[in-house]
Amino acid sequence: MSALRMPHPIQHHPVLAQTIRDGFWVIALGAIGCYAFFVALGAIKPGQVVGLSIAVAILGLLWIARAWSTAHLRRIERDPRLAHARERRGF
């Protein structure tokens with residue numbers, strides 16, 4: 001008797017994790033932008049909502065750190081043959 005092989009229910013786990021991670025950063029950037037908009041509008045004063053200001057500052061620092069590390073990793077993972085071909089062509 002042969003066993004019935006079924007695919008794992010979370011077959012695309014890395015893809016799902018990447019989607020959730022990207023979704024978090026989009027929402028975080030939206031929250032930072034919304035905060036900056038209302039501060040620029042004058043609707044809220046950062047001194048009156050200290051807890052929110054600290055939370056948004058931490059989110060901003062985390063987002064900057066993520067952007068820097070992503071750019072740094074992309075620079076490391078570049079194929080040197082592509083850079084050589086670009087330099088050979090002159091641009």
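Read along the sequence, the protein follows the pattern α-α-α, and its secondary structure accordingly comprises three helices and zero strands. The model is a predicted one, and the values reported here are computed from its coordinates. Of the 91 residues in the protein, 9% are buried. The surface that the protein exposes amounts to about 8000 Å², of which carbon and sulfur atoms supply 69%.

Helix H1 spans residues 13-41 and contains 29 residues. From its first C-alpha to its last, H1 reaches 42 Å, a span close to the 42 Å expected at 1.5 Å a residue. The buried residues of this helix are Trp25, Ala28, Ile32 and Tyr35. Following H1 in the sequence is Gly42, for which phi is positive and lies near 90°.

Trp25, which is found in helix H1, was examined with respect to its surroundings. With a relative accessible area of 14%, Trp25 is classed as buried, because this value falls under the 20% cut-off. When neighbours within four places in sequence are left aside, the residues in contact with Trp25 are Leu62, Trp63 and Arg66. For one of these contacts, that between Trp25 and Leu62, the two residues are 37 residues apart in sequence, while their C-alpha atoms are 9.5 Å apart in space.

A search of the whole structure for aromatic pairs finds two. In one of them, Phe24 and Trp25 are arranged edge-to-face, with a distance of 5.0 Å centre to centre and an angle of 70° between the planes. The rings of Phe37 and Phe38 form a pair as well, their centres being 5.2 Å apart; their planes meet at 70°, which is over the 60 degrees required, and the pair is therefore edge-to-face.

The members of these pairs were also considered in terms of accessibility. In the pair of Phe24 and Trp25, Phe24 is partly exposed, with a relative accessible area of 46%, whereas Trp25 is buried at 14%. In the pair of Phe37 and Phe38, Phe37 has a relative accessible area of 47% and is partly exposed, and Phe38, with a relative accessible area of 33%, is likewise partly exposed. The assignment of Phe37 as partly exposed rather than exposed follows because its 47% does not pass the 50% cut-off.

Notes:
Residues numbered from 1 in each chain as written. Predicted model: local features only at pLDDT ≥ 70, side-chain atom pairs only at ≥ 80, totals over all residues. Heavy atoms only, no water. Phe/Tyr/Trp six-rings, centres within 6.5 Å; stacked < 30°, edge-to-face > 60°. Buried < 20%, exposed > 50% of the residue type's maximum accessible area, 1.4 Å probe, protein only. Helix = DSSP H or I, 4+ residues; strand = E, 2+ residues; numbered from the N terminus. Areas by Shrake-Rupley, 256 points an atom, 1.4 Å probe, with all protein chains shown as cover. Contact = heavy atoms within 4.5 Å. Expected span 1.5 Å × (residues − 1).
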